[in-house]
Amino acid sequence: MALLDLNREYHERQVAIQIEFARITEMLEIKWGRVDEKAIAEREQLLHRHAELFLEHERLFFEFARRGHELLTDEQIEKAEQIYHQEKDAFLKALLSSLNRAVAPHFQFVQTGQEWSDASIEALRSMARVPSFG
């Protein structure tokens, strides 16, 4: 029950930060007009708040990870890490082609431990399209 309570509290605080982050992100966007020194200067305080919120979000994760680890044994932590990484890797693998298309034509994500071929390295050096790893 303590882990569930911790998760609920974390989620509530995480969502509050993410909503504020999204609000600031929207305010930072330049929808029309020229990007010049004035446009950037008008957003300086927003940029600082954006960075503060990012830092707050990361610190929140570590705070709650620490609190969660205080409740678990080393064996439980190890098992949770295995489950998390297996699920994360499976999810990212399902998204791999979409992520590759979303970034840019010259970028290809690779899975951890995937070998780079000589052609891939040369393609990166020449900025040519990296061959697909299938």
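**View 1. Arg 67 in helix α3.** Here we look at Arg 67, which sits in helix α3; helices are DSSP runs of H or I with at least four residues, numbered from the N terminus. This is a predicted model, where local features need pLDDT of at least 70, side-chain atom pairs count only at pLDDT 80 or more, and totals for chains, interfaces and linings use all residues. Residues are numbered from 1 along each chain as its sequence is written, and side-chain values use heavy atoms, leaving out hydrogens and water. With 25% relative accessibility, Arg 67 is partly exposed, a class between buried (under 20%) and exposed (over 50%), using a 1.4 Å probe and protein chains only. Leaving aside residues up to four places away in sequence, Arg 67 touches Leu 6, Glu 9 and Arg 13; contact means heavy atoms within 4.5 Å. Leu 3 is 64 residues from Arg 67 in sequence, yet their C-alpha atoms are 9.1 Å apart.

**View 2. A nonpolar patch with Leu 47.** Val 35, Ile 40 and Leu 47 make up this surface patch, sharing about 250 Å² of accessible area (Shrake-Rupley method). Patch residues have over 30% relative accessible area and no salt bridge (Lys or Arg side-chain nitrogen within 4 Å of an Asp or Glu carboxyl oxygen), with nonpolar side chains joined within 5 Å and like charges within 9 Å. Leu 47 belongs to helix α3, residues 44-71, and is partly exposed at 40%.

**View 3. A negative patch with Glu 78.** Asp 74, Glu 75, Glu 78 and Glu 81 form this one, each charge being placed at CG of Asp or CD of Glu. Glu 78 lies in helix α4, residues 74-103, and is partly exposed at 48%.

Definitions and conventions
Accessible areas come from the Shrake-Rupley method with a 1.4 Å probe; for residues, only the protein chains shown count as cover. Lys and Arg count as positive and Asp and Glu as negative; His and the chain ends are not counted. Helices (H or I, at least four residues) and strands (E, at least two) are DSSP runs, numbered from the N terminus.
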